[in-house]
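Here is a short note for a colleague coming to this structure for the first time. Please keep the model open while going through the points.

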Amino acid sequence: MRLFLVPVLVLFLAGGGGAQKLPTRDEGLFQSQVRDKALFHHSSVVPDGAEISGYLFRDTLKRYYFVVEEDNTPLSVTVTPCDAPLEWKLTLQELPEESSGEASGQSEPLEEQKQQVTVEEGQELFSYKGNDVESYVSSSAPAGLYQLELLSTEKDSGVRVYASTTPASDQPYPELPYDPRLDVTALGRTTVTLAWKPSPTGARLGQPLQYCVVVGQEHNFKSLCAVEARTGAEEAFMSGPEPGRDFSPFDFGHFGFASERNDLGRDHRAGPRAPPPAPVRASRADIRKVCIGNKSTFTVADLKPDTQYYFDVFALNAASNLSSAYVGTFARTKEEPKQKTLELKDGKVADVFIKRKGSKFLRFAPVSSHQKVTLYLHSCLDAVQVQVRRDGKLVLSQNAEGVRQFQLRGKPKAKYLIRLRGSRKGASVLKVLASTRPNKQPFPSLPEDTRIKAFDKLRSCSSVTVAWLGTQDRHKFCVYRREVAAGYGEEQRRREQNQCAGPEARKKSEKVLCKYFHSPNLQRAVTTETIRGLQPGRAYLLDVYAVGHGGHAVKYQSKVVKTRRFC
């Protein structure tokens, strides 16, 4: 049985007075007419078995029509609101007996049939008000002229209408499972994992089916039409990555192009892929969307911590391009772990440990007014990044290695927040001191070159001679030695290179000597020392510590030396 498709504007032959017969649902003719955009644009006639798009102006009633010729015809009408809630009503006007076309083979022009509807209101079959996708279904619809009235009272809105007299065989909308809810199976600070039960349509009917995931921050969507209306994209979805190619559809700076990293999400339970949709155009940054093939679980990544998101999944029939919406859900990502802030006391050294790639926050709040703050930082291992904010304003951002001193301009009642970011190589150990009182530096001043040089020509079977640089400030230098295995290498030395481990951590038997040294002339700030009492053919690890006025020591770079085996 047929539900006819012909625009009102071409019901009459151009230049002729005779009425044009309504065409049958011939597949070839149907496809030809569908491709004729001039024919279908702004049509008020609903085609049989195809979805049409329309646009409603606010408070302006719009009508669509279709004819069912014979009684007991199956009928399905689906209306999909896009931008706003709609009011719609379906009514039936019985066809006059002489208009059935059985005797003459001619059907009454639809324009005349429409005029009869204005005389009689007809029988109301169904009405609805809201923004849900709603359908009218009848297994035995009577013959007649059907009128669909649509009204948008909130704003101008898009709408989609689908009607069919063969709904059982068409089945354009994917069937949802018995439990159409979308579940959140894992929740993190920046990721959410979703899972849903697969649609029976793909397995039972063998139709090309894929799932599209939508992520927003305002509300859930009840149709893809609503998503497209929000994003303004005619083709609103991007396919998942092909095998061997990674990209991030959420990277909107490269939206629609391959990216060098796959950071949108991680798919699970891989299976055969449906054909990918067409490439997409950029869309609103607060709505993320991607089609992932026929998988039924997906991990959304790159989310913000402690933020509520709304998640929707749509089953899309790639053959008909029609979709069904699962019951959406929402979830709030986990908060960032709260950082404990260490309070610094004026003039007191604080020991700080930072995990690999981690951060630590320190707070300094001087109790008295001050003109400047001196920040001393001793990075015991690798370089760290230091940032200082005064009352929320960034005043310092640098990388620091070894012993560093920073001068900060003070303000009355100012508070300082110090952020230390650790190394990527490993954990970081630091000593930090903040002071508002100008006094002697707690840490010793060091030269730029903190290596220990060994003189090979002065090496003997029982002694070695070494030298190191000093500064213009007078400091105490302590030398320690420790015998190591012959295979002691650079990697072991590097692991033990903790500049903050002072002489107090060494055995008394390892101490060689302590002496004071400085030179007003930096060009001559070099001191040498001969270490005696060593064994022939042995390897020794030498350390030099510079001790500051406050008793804090800084170690030079360790040096491995070997005595001669034969003399």
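1. Start with lysine 129. This is a predicted model. Lysine 129 counts as exposed, because its relative accessibility is 62% and the cut-off for that class is over 50%. Its salt-bridge partner is glutamate 87, at 3.6 Å from N to O. The pair ties together parts 42 residues apart in sequence, because glutamate 87 lies in strand β4 (residues 86–93) and lysine 129 in strand β5 (residues 123–130). Glutamate 87 is partly exposed, at 27% relative accessibility.

2. How many salt bridges does a search of the whole structure find? The count is 21. Side chains of opposite charge can pair when their charged atoms come close. Look next at glutamate 149 and arginine 63, whose side chains meet at 3.2 Å, N to O. Glutamate 149 sits in strand β7 (residues 144–151) and arginine 63 in strand β2, so this salt bridge ties together parts 86 residues apart in sequence. Is glutamate 149 buried or exposed? Glutamate 149 is buried, with a relative accessible area of 13%. Arginine 63 is partly exposed, at 36%.

3. A further salt bridge joins glutamate 483 to arginine 538, with the closest N and O atoms 3.0 Å apart. This pair links distant parts of the chain, 55 residues apart. Glutamate 483 belongs to strand β27 (residues 475–484), while arginine 538 is in the loop between β29 (526–531) and β30 (539–547). Both ends are partly exposed: glutamate 483 has 43% relative accessibility, and arginine 538 has 37%. Elsewhere, salt bridges with shared partners join Glu51, Arg160 and Glu228 into one network.

4. Glu228 leads to helix α6. The helix spans residues 224–231, and 6 of its 8 residues are buried. Which residues of α6 are buried? They are Leu224, Cys225, Ala226, Val227, Glu228 and Thr231. An α-helix has 3.6 residues a turn, so residues three or four places apart point the same way. What covers the buried residues of α6 includes several strands. Among them are β3 (73–81), β8 (157–164), β11 (209–216) and β15 (308–317). Glycine 232 follows the helix, with a positive phi near 75°.

5. Strand β21 deserves a careful look. Residues 372–390 make up β21, and 15 bridges join this strand to β22 (residues 393–409) in the antiparallel sense. Threonine 374 stands opposite glutamine 407 in β22. The two strands form a hairpin with 2 residues between them. In that turn, aspartate 391 has a positive phi of about 55°. In a regular strand the side chains alternate between the two faces of the sheet.

6. Which other strands pair with β21? One is β24 (residues 428–435), antiparallel to β21 over 6 bridges. There, tyrosine 376 has leucine 433 as its bridge partner. Another is β23 (residues 416–421), also antiparallel and joined to β21 by 6 bridges. In β23, leucine 417 is the bridge partner of arginine 389.

7. Check two loop residues for backbone geometry. Lysine 413 lies in the loop between β22 and β23. Its phi is positive, about 60°, although it is not a glycine. Lysine 413 is exposed, with a relative accessible area of 74%. Aspartate 59 lies in the loop between β1 (50–56) and β2 (62–68). The phi of aspartate 59 is also positive, near 60°.

8. Now the aromatic rings. The count comes to 14 aromatic pairs. The pair of tyrosine 309 and phenylalanine 311 is tilted, because the planes stand at 40°, with the centres 6.4 Å apart. Tyrosine 309 and phenylalanine 311 are both buried. For phenylalanine 477 and tyrosine 556, the centres are 6.3 Å apart and the planes at 70°, so this pair is edge-to-face. Phenylalanine 477 is in strand β27 and tyrosine 556 in the loop between β31 (553–555) and β32 (559–562), 79 residues apart. Both phenylalanine 477 and tyrosine 556 are buried. These two rings, with Trp468 and Phe517, form one aromatic cluster.

Note on methods
Residues are numbered from 1 along each chain as its sequence is written. This is a predicted model: local features need pLDDT of at least 70, side-chain atom pairs count only at pLDDT 80 or more; totals for chains, interfaces and linings use all residues. Side-chain values use heavy atoms; hydrogens and water are left out. Buried means under 20% relative accessible area, exposed over 50%, partly exposed in between (1.4 Å probe, protein chains only). Helices (H or I, at least four residues) and strands (E, at least two) are DSSP runs, numbered from the N terminus. Contact means heavy atoms within 4.5 Å. Two strands pair if DSSP finds at least two bridges between them. A salt bridge is a side-chain nitrogen of Lys or Arg within 4 Å of a carboxyl oxygen of Asp or Glu. Rings of Phe, Tyr and Trp (its six-membered ring) pair if their centres lie within 6.5 Å; planes under 30 degrees apart count as stacked, over 60 as edge-to-face and the rest as tilted.
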